[in-house]
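Visitor: I'm new to this one, so could you walk me through it?
Guide: Happy to. Have a look first, then ask away.

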Amino acid sequence: MAEKKVRFVIERQDSPESQPYTQEFDVDYRPGLNVVAALMEIQKNPVTVDGKKVAPVVWECNCLEKVCGACMMVINGRARQACCALVDEIEQPIHLAPARTFPVIRDLLIDRTRMFEALKKIQGWVELDGSWDVKDAPIQNPYTAQTAYEISHCMTCGCCLEACPNVGPQSDFIGPAPTVQAYLFNLHPLGKFDKPKRLNALMEKGGITSCGNSQNCVEVCPKFIKLTTYLAQLNRDVNIQALKNIFNN
Amino acid sequence: MFHTTFYIRRLHSICGLAVLGMVLFEHIFTNSMAIFGPAALNGALEMMELIPKPIFLGLELGGIAIPLLFHAIYGVYIALQANNNASNYGYCRNRNFTLQRWTAWYLVIFLIWHVGYLRLYTKGITGTPISYELLQNYFQNPVVVVLYVLGMFAAIFHFCNGITTFCMTWGITKGPRSQNVVSVLSMGLCAILCLITLTFMGSYLI
């Protein structure tokens, strides 16, 4: 019985501090097989190509339709979602590795806390409650609604942070995704009240000035958000904010 | 909140493009006189000597030395924050990003040698004026020629790619089309300046 197999070379790590190592697995081929489905097969029968039974590979996934962002990992050297990485469309053997821009918890499972922290820094929310009456929601500007909708697709998967050469342990750059979220909330009819706050936060160390224009972010974004366009817009906005800071006082 | 990082980054950007760009153009302009023979280059060099000494020294310090040291030292700090990954993400802009840093490293070493030997030692300490004959003698060594041509190419690429990134950093070019147009134009300028360099460097060898 000559069944077609797909070879996976997986970079594993038992704990946040331990040394990474690789293991190889064979998975039965079937049409439409994707990386998440293959990882599920490995989980069912975690036996390496040498016939050794090992602990199942740990990874994260949720929606399986490129909406939640959880299954982001480095597949054949590039950051992308595992759920939409079809085996038929990628080179074999398939190399899987965790996105090491983030701290690795175990195997392919990473800790994305830094993205949430970055969203807190840039005030990635709309101030709704206060000492005022809460009225009906204001209407969105129809001319910018399309852009806001596009940026709101961001699922904080971290592809852009992994691909960006300026994000990592060597730098304090918060990364393209959280930076561009500032623009989304600046577009919001209520969020725009806090625009100066967000722009001032982006002018801090690790903010938008750490962008080196390598433009990898826009190439790898699985949601096709025009990150570099909005980064340039924010660069414009922070320049204007800087002039205001200097001359309004 | 005084956004020190923001102002230093923007100063680094404008200092590289406007001030050091001028220095690069001055060098290419004066040196290209060598194409028209020894008399033309020596004439151009003597013209610069006509500028009163204190003003000339002030220009060298304020227009070259200080901006160059600031751009180089802060630039090293910026370069150290990058983890170049063009092997995995081989897009044109990412390759240029890596090349921008490689040329920067080469230029730091090259300029210490170039300024140290020609300006500080030859012109400063020994008091020998720079002339066509001195340079021709200097360029008899093929290793020096190759390292100088590479130094010029590195400076020209670093400057031209800098135009593209300057326009993004200052929010001048926002969309991909305008960014591409500037990128193509600046790479065209890069090619022209490299050709001029090859021509005047070659004129010493014939």
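Visitor: How much area do domain 1 of chain A and domain 2 of chain A bury between them?
Guide: Keep in mind that this is a predicted model. The domain assignment puts domain 1 of chain A at 5-110 and domain 2 at 113-247. Of the area buried between the two, 60% is on carbon and sulfur atoms. The total comes to about 1,100 Å².

Visitor: Which residues in domain 1 of chain A lose the most area to domain 2 of chain A?
Guide: The contact takes 14 residues from domain 1 of chain A and 13 residues from domain 2 of chain A. On the domain 1 side, three residues together make up 47% of what that side buries. They are K66(A), T101(A) and F102(A).

Visitor: Which strand gives the most to the side of domain 1 of chain A that touches domain 2 of chain A?
Guide: Two strands each supply at least two residues there, strand 3 (72-75) and strand 4 (78-81) of chain A. The one giving the most does so with four residues. That's strand 4 of chain A.

Visitor: How many residue pairs are in polar contact between domain 1 of chain A and domain 2 of chain A?
Guide: For salt bridges across this interface, the rule finds zero. Polar contacts are another matter, with both residues of a pair at pLDDT 80 or more. The count is four residue pairs.

Visitor: Now for the two chains: how much area do chain A and chain B bury between them?
Guide: This contact takes 36 residues from chain A and 32 residues from chain B. Carbon and sulfur atoms hold 48% of the buried area. Altogether, chain A and chain B bury about 3,000 Å².

Visitor: Which element gives the largest share of the side of chain A that touches chain B?
Guide: Between the chains there are 21 residue pairs in polar contact, both at pLDDT 80 or more. The elements giting two or more residues to chain A's side are strand 4, helix 4 (159-163), helix 7 (216-220) and helix 8 of chain A. The largest share is eleven residues, and it comes from helix 8 of chain A.

Visitor: Is T229(A) buried or exposed?
Guide: You'll find T229(A) in helix 8 (residues 227-247) of chain A. It touches K174(B), G175(B) and P176(B), leaving aside residues up to four places away in sequence. Its relative accessible area is 9%, and the cut-off for buried is under 20%. So T229(A) is buried.

Visitor: And why does I66(B) count as exposed?
Guide: I66(B) sits in helix 3 (residues 53-79) of chain B. A residue is called exposed when its relative accessible area is over 50%. I66(B) counts as exposed because its relative accessibility is 54%.

Visitor: Which peptide bond is cis, with omega near -5°?
Guide: Most peptide bonds are trans. For this one, look at the loop between strand 4 and strand 5 (94-97) of chain A, where P93(A) is found. The cis bond runs from Q92(A) to P93(A).

Visitor: What is the phi of N213(A)?
Guide: N213(A) lies in the loop between helix 6 (195-202) and helix 7 of chain A. At 9% relative accessibility, N213(A) counts as buried. Most residues other than glycine have a negative phi. N213(A) is not a glycine, yet its phi is positive, at about 60°.

Methods
Residues numbered from 1 in each chain as written. Chains lettered and ligands numbered in written order. Predicted model: local features only at pLDDT ≥ 70, side-chain atom pairs only at ≥ 80, totals over all residues. Heavy atoms only, no water. Buried < 20%, exposed > 50% of the residue type's maximum accessible area, 1.4 Å probe, protein only. Domains from an automatic or database assignment. Contact = heavy atoms within 4.5 Å. Buried area = accessible area lost by both parts, 1.4 Å probe. Salt bridge = Lys/Arg side-chain N within 4 Å of Asp/Glu carboxyl O. Polar contact = N/O pair within 3.5 Å; in protein donor to acceptor, adjacent residues only side chain to side chain.
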